[in-house]
Amino acid sequence: MNIHRAQEILAADEKIKVELNGLPVWIDSVDSNKAVAKVHAEENPADSRLVTVQELEEVH
């Protein structure tokens with residue numbers, strides 16, 4: 001995924017499915033300067049981490 005798409009997903013009103021290594025995640029924030037996103041596992045909001053946006057995959 002690229003920075004622009006990660007920002008679009010973060011700003012979207014509807015839920016857009018995103019995965020990190022095959023696991024569903026929710027994007028909490030995007031840092032376009034560092035090309036990273038803070039995400040958390042959908043089933044465990046306490047499990048948050050910082051990942052590069054390239055690691056994220058939009059699920060269609």
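A pocket is here an open set of grid points at which a 1.4 Å probe fits, with protein on both sides within 12 Å along at least five of seven lines. Rolling a probe the size of a water molecule over the atoms shows where empty space is left. In the structure described here, which is a predicted model, the largest pocket has a volume of about 170 Å³. Of the 13 residues lining this pocket, L23, P24, V25, A41 and D47 are the closest to its centre. Strands β2, β3 and β4 are the elements that each give two or more residues to the lining. Sorted by class, the lining of the largest pocket comprises six nonpolar, three polar and four charged residues.

The strands that contribute to the pocket belong to an open sheet of five strands, arranged in the order β4-β3-β2-β1-β5 with antiparallel pairing. The edges of the sheet are formed by β4 (44-52) and β5 (56-58), each of which pairs on one side only. On average, and with direction ignored, neighbouring strands of the sheet are turned by 45° against each other. In a regular strand the side chains alternate between the two faces of the sheet.

Strand β1 (residues 18-20) runs antiparallel to strand β2 (residues 23-31), and the two are joined by three bridges. Within this pair, E19 has P24 of β2 as its bridge partner, and L20 stands opposite L23 in β2. Both P24 and L23 are among the residues closest to the centre of the largest pocket. The hairpin of β1 and β2 has two residues between the strands, and N21 in this hairpin takes a positive phi near 55°.

Strands β2 and β3 also run antiparallel and are joined by six bridges. D31 has V36 of β3 as its bridge partner. In the hairpin of β2 and β3, four residues lie between the strands, and A35 takes a positive phi near 60°. The pairing of β3 with β4 is antiparallel as well and extends over six bridges. In this pairing, V36 has T52 of β4 as its bridge partner. The connection from β3 to β4 is a hairpin with a link of two residues.

Helix α1 (residues 3-11) packs on the sheet, where it touches β1, β2, β3 (36-41) and β5. The direction of the helix makes about 100° with that of β2. I3 lies in helix α1. When residues up to four places away in sequence are not counted, I3 touches V30, D31, S32, A35, V36 and V53. The contacts of I3 thus include D31 and V36, which are bridge partners between β2 and β3, as well as A35, the residue with a positive phi in the hairpin of these strands.

E58 is found in strand β5, one of the two edge strands. The side chain of E58 makes a polar contact with the side chain of R5 at 2.8 Å. With residues up to four places away in sequence again left out, E58 touches M1, R5, I9, I16, K17 and V18. Between I3 and E58 the separation is 55 residues in sequence and 12 Å in space, taken from C-alpha to C-alpha.

Methods: Residues numbered from 1 in each chain as written. Predicted model: local features only at pLDDT ≥ 70, side-chain atom pairs only at ≥ 80, totals over all residues. Heavy atoms only, no water. Pairing = 2+ DSSP bridges. Axes fitted to C-alpha atoms, helices over the stretch in contact; angles between N-to-C directions. Contact = heavy atoms within 4.5 Å. Polar contact = N/O pair within 3.5 Å; in protein donor to acceptor, adjacent residues only side chain to side chain. 1 Å grid on protein atoms, 1.4 Å probe; cavity = no way out; pocket = protein on both sides within 12 Å on 5 of 7 lines; lining within 4 Å. Points joined across faces, edges and corners; volume = space filled by probe spheres on them. Nonpolar A, V, L, I, M, F, W, Y, C, P; charged D, E, K, R; others polar.
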